[in-house]
Amino acid sequence: MCPWKDVSIVQDKINEALSEFHNHKDAITDEGLRRGTESRQALDHWLIPKLELMQSVAPSISELGVPVQWSADTTEHAHIEVIKEPASTTNNHNYDAQICRYLDRVERCWLFETATRLGATLNGTDGHDISDLAIEDATARDDEENVEDGEENAMAILNDIWSPRHRVPNFFAIAEQLRTAPPGSTPHPARTFISGATAIRINYKPSLRRISISEAANLFNLPDLQGALADYLGREGAYAQNFHSFGQQQRSPPDAHLPFKDLQIWYKVRLQQKSYHDSSSLGPVFTVNAHPPDRTWQYGRHDAAILQVDARHEWPSSSLTGHAIVDVRLIMCPLSPKGVRLIWGDRFLVYVRRFDIVPQQQTSVDWATGLHILKRATCVSGEFLGDVFPLDQIKSYAHLVPRFGEAADVRLTSMNSFHSTQSFWLNSYFDKDFYYTLAL
């Protein structure tokens, strides 16, 4: 039986159970059989949260399809840490007792390490020379400040012990170091740079060091690539620093003449922003892929992003105003012909295809999910609306979830659903800072 038919049967059973309950609930209250747990008094209502939740389960399945903001990743990871790893240390007998003993000992070791590190800090033996401590004490303003410093040190140690071992890289600091480095000491153009509130990083070596434009168009299945590059140059002008917006349709022919023939290509770009509420706190690093088709990914592996299209509106303070959601298909840099230096030949570019936000009744988001509904933008000819932009207009990673409706096509997989689906949810729940931005 198809999975969607199983879901339909479950929906019917849920509705039948609720109908049966509602048809007979008055008989229960009339006889005084519904009573409070503590008071034991008869109740004349059915204010039960789980019962209230049941009313929306079946309709939500029909309206939303997959519950986009729910994930089992956290619980699955906990299962590894508290079940699988401890179980691997046992003798495969009496699992419960041995797993509990293992977890107890691990916790004791962590607590012991915490206590010894804190004790060393408070006693002044945390690796500092005594003379250093004397200097620090001499410069302290008063005892209260010393106490505050001790608390800050203690918190720093706790964070060091309990926080994840993988440190978040600081692309902002790297970009600043590259910007202020002596000329000629760093690669040009810089592979890490800052654009507004976003730090952008690509690999030092491109994935494809040299490929012709026609070969790239065939490899990435972008028949309008050459025309889009010609449109880009037409808008760019002679100064190579213009801000670009989406055109309604491509003006240049597919075989338009270009002053270069080859490209360098990267398969991914990494983005980092600072915390929405605390600019001193770094956000996670997100990778935006733009891989060509291969044996695993028949249609290529590419991700969505937020693209700034209006210079008057900055991300994240302007939310989606002045920005577009795009499908990043190609990351590239033109290669100047030998003996010629193009003024825009050191700019990283992206070819993207736009998504349009589907307006809802009196609002821009779906009432049930609070999420934007997207569809692929098309030209008058029916082709997907694609264009070339400077890479520094990319501002954020965007997580899209295919919008399946009541039933998902059984042929869809994680490898082809992004290509084969025409409607998507813009998932604002995947990252708290992204959620705050879209909540403006």
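This report describes a pocket, a surface patch and one buried residue in a predicted model.

## Basis of the model

Local features need pLDDT of at least 70 and side-chain atom pairs count only at pLDDT 80 or more, whereas totals for chains, interfaces and linings use all residues. Residues are numbered from 1 along each chain as its sequence is written, and side-chain values use heavy atoms, with hydrogens and water left out.

## The second largest pocket

The second largest pocket has a volume of about 470 Å³, a volume being the space filled by probe spheres set on grid points that are joined across faces, edges and corners. A pocket is an open set of points on a 1 Å grid over the protein atoms alone, where a 1.4 Å probe fits, with protein on both sides within 12 Å along at least five of seven lines, and its lining residues have an atom within 4 Å of a point.

The lining of this pocket consists of 21 residues, and His188, Pro189, Ala190, Phe193 and Asp346 lie nearest the centre. Helix 7 (171-180) and strand 1 (192-195) each supply at least two lining residues, with the largest share, 4 residues, coming from helix 7; helices (H or I, at least four residues) and strands (E, at least two) are DSSP runs, numbered from the N terminus.

## Trp425 in strand 15

Trp425 lies in strand 15 (residues 423-426), and Trp425 is buried (under 20% relative accessible area, 1.4 Å probe, protein chains only), with a value of 1%. Trp425 and Pro402 are 23 residues apart in sequence and 6.3 Å apart in space, C-alpha to C-alpha.

## Val82 and its patch

Val82, placed in helix 3 (residues 73-87), makes a nonpolar surface patch of about 190 Å² with Ile83 and Leu103. Such a patch is made of residues with over 30% relative accessible area and no salt bridge, with nonpolar side chains (Val, Leu, Ile, Met, Phe, Trp, Tyr) joined within 5 Å; a salt bridge is a side-chain nitrogen of Lys or Arg within 4 Å of a carboxyl oxygen of Asp or Glu. Accessible areas come from the Shrake-Rupley method with a 1.4 Å probe, and Val82 has a relative accessible area of 36%.

Technical notes: Patch = residues over 30% accessible without salt bridge, like charges linked within 9 Å, V, L, I, M, F, W, Y side chains within 5 Å. Buried < 20%, exposed > 50% of the residue type's maximum accessible area, 1.4 Å probe, protein only.
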